[in-house]
Amino acid sequence: MTVKSDRNNAAGIVMLFICAASLLFMTYILTNSALVTGLCGIPLVILLALYWVSTGRTLTMDENGCTIRFLWFKKLFRWEDLQEKSVADYKSLSAHPMPYHGGVVFATKRMKRIGDSHPIYYSALRPFSSFYVYFHPEHLTEHRSYVKLYTVKESDFREKMSHWGIVLDGEGAVERTTAA
């Protein structure tokens, strides 16, 4: 099963980098100071790069684990090596304007309060030790355009996880069942 964000995400990232470059150029023109431009630009570029890494990867899941690819980087996370494999409910996060009501978070270390924020924020800070999938927002009745970030159909995803021996219980940690 291969999961990645849609092309709208890539276009959005390109636009963000263009806007950031324009903003930094204007900052340099107005202040005529490379120091001020650098002090403004370095954090902005770092944040954009973290967002790009968090949303621009390709996840390939199989019975062994998940292989993450980003540019030339490739890493396999074996299911048993992941300490956090949790189903999260995001319906109560009305302050965050995302259409997703649920998903699954995977990480090499335990996380506190899984459902308190969308995993994109956690993954942006830990892009090479965590990944996530969102469940396709079935609650959207009208055709509404949104960026699809690692979106999967919940029933298909749960079926694959079950087939590979991974039980998704929705109450936190997901445990791998032993083959009988």
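This is a short tour of the structure above, stop by stop, for you to follow in your viewer.

**Before you start**

You're looking at a predicted model, where local features need pLDDT of at least 70, side-chain atom pairs count only at pLDDT 80 or more, and totals for chains, interfaces and linings use all residues. Residues are numbered from 1 along each chain as its sequence is written, and side-chain values use heavy atoms, with hydrogens and water left out.

**Stop 1: the whole chain**

Select everything and show it as a cartoon. You should find four helices and ten strands; helices (H or I, at least four residues) and strands (E, at least two) are DSSP runs, numbered from the N terminus. Walking along the sequence, the pattern reads β-α-α-β-β-β-β-β-α-β-β-α-β-β. Of the 180 residues, 38% count as buried, where buried means under 20% relative accessible area, exposed over 50%, and partly exposed in between (1.4 Å probe, protein chains only).

**Stop 2: colour by confidence**

Now colour by pLDDT, the predictor's confidence in each residue, from 0 to 100. The chain's mean is 77, and 78% of its residues reach 70 or more. Select residues 58-61: that's strand β2, where confidence is highest, at a mean of 92. Then jump to residues 175-176, strand β10, where confidence is lowest, at a mean of 38. Widen that selection to residues 171-180, and you have a stretch with pLDDT below 50 that has 24 contacts in the model beyond near neighbours in sequence. A contact means heavy atoms within 4.5 Å.

**Stop 3: a four-stranded sheet**

Next, pick out the open sheet with the order β5-β6-β7-β8 and mixed pairing. Two strands pair if DSSP finds at least two bridges between them. Which strands stand at the edges? They are β5 and β8 (151-152), each with a single partner strand, so one side of each is left without a neighbour in the sheet.

Zoom in on β7 (residues 130-135): two bridges join β7 to β8, and the two run parallel. Click Tyr134, whose bridge partner in β8 is Thr151.

Add helix α4 (residues 154-163), which packs on the sheet and touches β5, β6 (102-107), β7 and β8. The direction of α4 makes about 130° with that of β7; axes are lines fitted to C-alpha atoms, for helices over the stretch in contact, and angles run from 0 to 180 degrees between N-to-C directions.

**Stop 4: Ala88**

Finally, select Ala88 in strand β5 (residues 84-89). Is Ala88 buried or exposed? Ala88 counts as buried because its relative accessibility is 6%. Try a distance label from Ala88 to Tyr134: these residues are 46 apart along the chain, and their C-alpha atoms are separated by 9.3 Å.
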